[in-house]
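Me: Can you walk me through this one? I'll ask as we go.

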Amino acid sequence: MKRQIIMALTLLAVLSLRAQGEMKADFRSPFDFPLLLSANFGELRPNHFHNGLDIKTGGVTGKPIHSVAEGYVSRVMVLHGGYGQALFVTHPNGFTSVYGHVVSFAPKIQEYVRKHQYEHETFVCDIRIEPGVLPVEKGEIIALSGNEGASAGPHLHLELRRNDNGDYVDPMPYFRRYLKDDKAPVASLIGIYPVKGKGVIEGSQRRKLVGAGNLKQRFTAWGEIYTGIAAKDYMSGTSNFYGVHSVTLYVDSVQVFRSLTDEVSANENRMINGFIDYGEYAKTRRLVMRSYKAPGNSLRLLETDDARGIVTIDEERDYHFRYVLEDNFGNKRTYRFTVSGKRQDIPPYEPQAKRMLRWNQTNVVQEPGLNLVVPKGMVYEDTELDTRVVSDSGQVSFDYVLDAGPTPLHGFCPLEIGVRRLPVADTSKYYIEQRVGKWKASVGGEYTDGWVRAKVRTLGTFSVQIDTVAPRITPLGQGSWRTNRNIRFRVSDTQTGIASYKVYVDGEFVLFGLKKGILVIQDPQRIKKGIPHRLEVIVRDGCGNEAREEYEFN
């Protein structure tokens, strides 16, 4: 027992020292100019929290980026979307800093990346680099800011990740001295929600959304309810809005809920869909943060008691609700409203769908010619599921409607659909198509023994389709290639999308990047002036259909 106590105390001391060391980590600014943000950590985004700080670069690209501390380049990513081009620098203080959407790397890093890309004949890469290969000093210029990947304008996306578990950590406490903020968060909506079959609001089982300026009215309720709030934060010197760092709800001065967006893991990111009122988001794109923790939502930034944020209205009296919103700089704003307990009938919950997806068990959904498995934890609470089979004798498969309303899935779930006939002998041309309203897209899939199998993480209408049409290649500005060497092509595919591409000049691979549907040469200096050249462009789609075009120019 004594030994166990000593070990426990030692572990606590180590953890305490590590936490103190991390809190004292000293980072410099990544830029040599005053910082303004276009987004903060924890801002609510589709299917994820924003995992870093977006730093403005004055509407231009090419600003020198400095390493915020000493360390070594441990990873480089080059993608068509997402980060675009990103650099990871691992530091001895327990963190890795990430720099996203950059237009180019420092020469020694760029040379290392280019070598890898040419050796593997690929633009897209994710390179892990050992310590000692590319060391960097604090303040060293490591890249130039850009607008690459899924970026809506020139900026630097800066992240901090923990070295021990890979969690995203809010960089704001470490860069707060470079920023100014005297503006408190502002709410726009309050939501009041009855628990199905256990509560009512003003005699109804429907939620109630109220503008934040209309909270003096009283609301009546009975049974189990919870609330939510839509809010944004603001900062000095800019008109941008941001996510709210901390939301705390008190009922009769007792804290029943708190969210604190200071650390998120990659697996938790998609749990944002269980945090927000997903139905409201799907309908209006308004982001209401529910002060409620669904039973299948293990998001750590949500703090509740055993009631998970649910408030029981079981006395005929006034219940006083108070929201406190706070940002990273201590600016606060409070919103108050009253819910009056009024005894009312609570209708029992009667599911309208023929199936239920249970959050705490594996769900197997079967229809003639369809199998879908929704594993445990893929929904955050029990959810109704309607299924329907649409038959058409001329189709390759039936159409399958899987309707769970505005319900997100946490991860990918295996789906297989039976093929009723094979009008095309080449089975690599079959894929599963998903439709939601007018939107449709390929979710891929492989044909085996009469079935096409894929993985999905949203529901809708699914069917098997055939893609035998090759992508389209269109040269851009071809008349000026010989003078400016700015060689570009528009590539597109209407069914399964662009899967791969290669460009060869005089039989040698030359690096091109795919940026917003345009193939752009990355190394124009490889095109020698004054001599004829032959270009070969090869593009494949998700079903292996290949387009191949050749061009000659001087």
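Reply: Sure, one term up front: a residue is buried under 20% relative accessible area, exposed over 50% and partly exposed in between (1.4 Å probe, protein chains only). This is a predicted model, where local features need pLDDT of at least 70, side-chain atom pairs count only at pLDDT 80 or more, and totals for chains, interfaces and linings use all residues. Residues are numbered from 1 along each chain as its sequence is written, and side-chain values use heavy atoms, with hydrogens and water left out.

Me: Phe219, buried or exposed?
Reply: Phe219 is buried, at 1% relative accessibility.

Me: Which ring does Phe219 pair with, and how?
Reply: Phe337. Rings of Phe, Tyr and Trp (its six-membered ring) pair if their centres lie within 6.5 Å; planes under 30 degrees apart count as stacked, over 60 as edge-to-face and the rest as tilted. For Phe219 and Phe337 the centres are 6.4 Å apart and the planes sit at 75 degrees, so the pair is edge-to-face.

Me: Where do Phe219 and Phe337 lie?
Reply: Phe219 is in strand β17 (residues 218–234) and Phe337 in strand β26 (residues 332–341), so the pair ties together parts 118 residues apart in sequence. Strands (E, at least two residues) and helices (H or I, at least four) are DSSP runs, numbered from the N terminus. Phe337 is buried too, with a relative accessible area of 3%.

Me: OK, new topic. How many helices and strands?
Reply: The protein has 6 helices and 45 strands.

Me: And how much of the protein is buried?
Reply: Buried residues are 49% of the 554.
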